[in-house]
Amino acid sequence: MTPVGAAKKILDTMLGHLGFHVEIEIIESEEEPCLQIHTPRSELLIGKDGERLDDLQYLVNRVLRKHFPKAPRVRIDCEHYRAIQEDKLSAEVRAAAEGVKTSGKAFKMRPLNAYYRRLVHNVLVDDETVESVSPGGEERLKRIIIRPRGSEGTPSAE
């Protein structure tokens, strides 16, 4: 069994024990494989702001790594929730960057997990006029600052 096949079985077993009857589709991508869950009760698996998906993803990857130490990280999504959120965040970042270009003032994003912070940085990586900066610290959720490139500007209120 491949690591991704094992991850699918782990997820299916976990959800089965929780009383969910789901269909799980494996989607291969350049970045990481994704297990796409299809169910009429998606809101129960997604949770508030995708927190339950994050928890499921964490658990599946922990169990998977126990059996396949070199397994790739597997992404868990439900009814394309994460893809939709990524599109919304990308649009939000572009709009914030335009605001920073117009005003010259830095902008502080809402708190984001590591995956979404990386997405923000990737959206702005080729922009020559603005940059994104992550604060230090050990917090799981951090606020990225979008500011004019090369400045030490302080963020404006949201």
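## Warm-up exercises on a predicted model

At 62% relative accessibility, lysine 48 counts as exposed, since exposed means over 50% relative accessible area, buried under 20% and partly exposed in between (1.4 Å probe, protein chains only). This is a predicted model, where local features need pLDDT of at least 70, side-chain atom pairs count only at pLDDT 80 or more, and totals for chains, interfaces and linings use all residues. Residues are numbered from 1 along each chain as its sequence is written, and side-chain values use heavy atoms, leaving out hydrogens and water.

**Exercise 1.** Find where lysine 48 lies and what its side chain joins.

*Solution.* Start with the loop between H2 and H3: that's where lysine 48 lies. Next, look at the side chain of aspartate 49, which a polar contact of 3.3 Å joins to that of lysine 48. (A polar contact is a pair of N or O atoms within 3.5 Å; within protein, one must be able to donate a hydrogen and the other to accept it, and residues adjacent in sequence count only if both atoms are side-chain atoms.)

**Exercise 2.** Track down the aromatic pair and describe its geometry.

*Solution.* The structure holds 1 such pair. Tyrosine 115 and tyrosine 116 form it, edge-to-face, at 5.5 Å centre to centre and 80° between the planes. (Rings of Phe, Tyr and Trp, the last by its six-membered ring, pair if their centres lie within 6.5 Å; planes under 30 degrees apart are stacked, over 60 edge-to-face, the rest tilted.) Finally, check tyrosine 116: it counts as buried because its relative accessibility is 12%.

Definitions and conventions:
Helices (H or I, at least four residues) and strands (E, at least two) are DSSP runs, numbered from the N terminus.
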